[in-house]
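Grab a pencil and work through these exercises on charged side chains. Each one has a task, then a solution in steps.

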Amino acid sequence: MERFEEAKRWLMQALRDLSAAVESFRDGYFEWSCFQAQQAAEKAVKALLYAHGRSAWGHTIVELLDYLKDVEGVSEELYTYARELDRHYIPSRYPNAFESGYPALYYDSAVAERALNSANKIIEWVEQRLKALGL
């Protein structure tokens, strides 16, 4: 039962991160919203890994989904959402990710909306899978 408790902890934080991403979006911090959306989806996928009794190291959602392929049906659509989010892990936070300027100059509401949608889709999938596992 310990693995389900760990999964629940990670899912609860994923949901809080998603809520923070929405708040950042509302406040116009689009770059931060994208990073928080990435974090929310990453933690949700880690919750599912823990529920399966697997380790969950790393920050790349695409790779985390790969760790689930043999126990869960991971669709290409989920990988599309994961790739959208993984693009924001570093550039949304660090000025030197760009030739000039700083992250806020490169992020807008359209980019953040895609990130929020992607995070929502991944989290919904994780919640369905966790429910199927009895969590």
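**Exercise 1.** Work out how glutamate 42 and lysine 46 are placed in helix H2, and whether each is buried or exposed.

- Step 1: Helix H2 spans residues 30-51 and holds both glutamate 42 and lysine 46, which sit four residues apart, about one turn of the helix. (Helices are DSSP runs of H or I, at least four residues, numbered from the N terminus.)
- Step 2: Their side chains meet in a salt bridge, 2.9 Å from N to O. (That's a side-chain nitrogen of Lys or Arg within 4 Å of a carboxyl oxygen of Asp or Glu.)
- Step 3: Glutamate 42 is buried at 2% relative accessibility, and lysine 46 is buried at 5%. (Buried is under 20% relative accessible area, exposed over 50%, partly exposed in between, with a 1.4 Å probe and protein chains only.)

A note on the source: this is a predicted model, where local features need pLDDT of at least 70, side-chain atom pairs count only at pLDDT 80 or more, and totals for chains, interfaces and linings use all residues. Residues are numbered from 1 along each chain as its sequence is written, and side-chain values use heavy atoms, leaving out hydrogens and water.

**Exercise 2.** Describe the salt bridge between arginine 26 and glutamate 23.

- Step 1: The closest N and O atoms of this pair are 2.8 Å apart.
- Step 2: Both residues belong to helix H1 (residues 2-26); they are three residues apart, so about one helical turn separates them.
- Step 3: Arginine 26 is exposed at 60%, while glutamate 23 is partly exposed at 38%.

**Exercise 3.** How many salt bridges does the structure hold?

- Solution: Nine.

Note on methods: Helix = DSSP H or I, 4+ residues; strand = E, 2+ residues; numbered from the N terminus.
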